[in-house]
Amino acid sequence: MLPTVVDRASRGFFDEAAQGRLSLLTCTSCGKRIHLPRPRCVYCGAADPVWKPVARTGTIYAHTVVEHQVHPNFPVPYTVVVVDVDGEEAGVRLIGNLPGRAEVSAGTPVVCAFEDLGQDAQGNPVVLPVWRVAPQRAGTAALDGGAAA
Ligand SMILES: [Zn+2]
């Protein structure tokens, strides 16, 4: 079963991901991020916010390892991470997961890749942003899909 990508509040997030962009809802009036998504800016009240790309890098704010399976699509173990997106105000965080018992801690640098799960029953592309531990700066390891410089 694929995740829903046509929810009114989050559809834009997944439409952007299908285009290879990690984007957050942004107010066209005051410029602040509206995260979690809402139809109006929570700071100035302006309507019609837009999805704008953000850095595809971040650092882990917190993590936990899930050992007890609660859904057949998420085999255990996996590591749930809360990521501070680089360049954003404090509190603009995204949640994701890493396969297995990831060797991470607060401050571990991560990069966003995209996992293409195909199409849902209505033909909408289902592409999920996924976080992976950033390759070593001095190393030559390349991330699938390429990391934004
Ligand atoms: Zn605003």
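Begin by selecting V111, which is found in strand β6 of this predicted model. With 22 C-beta neighbours inside 10 Å, V111 counts as buried, because the threshold is 20 or more. Add V130 to the selection: the C-alpha atoms of V111 and V130 are 8.3 Å apart in space, although 19 residues separate the two in sequence.

**The β6–β7 hairpin**

Next, display β6 and β7 together. The two strands pair in the antiparallel sense over eight bridges. To locate one of these pairings, select V110, whose bridge partner in β7 is V133. Then move to the connection of this hairpin, where five residues lie between the strands. Within the hairpin, G123 takes a positive phi near 85 degrees.

**The sheet**

Now extend the selection to the open sheet of five strands, whose order is β5-β4-β3-β6-β7, with antiparallel pairing. Its edge strands are β5 and β7 (125-133), each of which pairs on one side only. On average, and with direction ignored, neighbouring strands of this sheet are turned by 40 degrees against each other.

At the β5 edge, select β4 and β5, which are joined in the antiparallel sense by seven bridges. Here D84 has R93 of β5 as its bridge partner.

**The helix on the sheet**

Turn to helix α1 (residues 11-18), which packs on the sheet and touches β6 and β7. The direction of α1 makes about 80 degrees with that of β7. Which residues of α1 are buried? Select F13, F14, E16 and A17. These residues cover an arc of only 155 degrees around the axis, which puts them on the same side of α1. An α-helix has 3.6 residues a turn, so residues three or four places apart point the same way. The buried residues of α1 pack against β1, β2 (50-53), β6 and β7. Just after α1, select G20, which takes a positive phi of about 80 degrees.

**The nonpolar cores**

Hide the helix and select V81, V83, V110 and W131. Of the 18 residues in the largest nonpolar core, these four touch the most other members. The elements that give two or more residues to this core are β1 (23-26), β4 (78-85), β5 (93-99) and β6 (109-119). Apart from this core lies another, of five residues, among them V5, F13, F14 and A17. In soluble globular proteins, nonpolar side chains tend to be buried together.

Centre the view on V83 and show its contacts. What does V83 touch, not counting residues up to four places away in sequence? The list comprises G58, T59, I60, Y61, R93, L94, G96, V110 and W131.

**The whole chain**

Finally, restore the full view. The protein has one helix and seven strands, and read along the sequence it follows the pattern α-β-β-β-β-β-β-β. Its radius of gyration is 16 Å, close to the 15 Å that the globule rule gives for 149 residues, so the protein is as compact as a globular protein of that length. Along its principal axes the C-alpha trace spans about 40 × 40 × 30 Å. Buried residues make up 21% of the 149 residues. Among contacts with a separation of 6 or more, 47% are between residues 24 or more positions apart.

Definitions and conventions:
Residues are numbered from 1 along each chain as its sequence is written. This is a predicted model: local features need pLDDT of at least 70, side-chain atom pairs count only at pLDDT 80 or more; totals for chains, interfaces and linings use all residues. A nonpolar core is a set of buried Ala, Val, Leu, Ile, Met, Phe, Trp, Tyr and Cys residues joined through C-beta atoms within 7 Å. A residue is buried if 20 or more other C-beta atoms lie within 10 Å of its own, exposed if 12 or fewer, and partly exposed in between; C-beta atoms are placed from the backbone. Helices (H or I, at least four residues) and strands (E, at least two) are DSSP runs, numbered from the N terminus. Two residues are in contact if their C-beta atoms, placed from the backbone, lie within 7 Å. Two strands pair if DSSP finds at least two bridges between them. Axes are lines fitted to C-alpha atoms, for helices over the stretch in contact, and angles run from 0 to 180 degrees between N-to-C directions. The arc is that of the directions from the helix axis to the C-beta atoms. The radius of gyration is taken over C-alpha atoms; the globule rule is 2.2 Å times the number of residues to the power 0.38.
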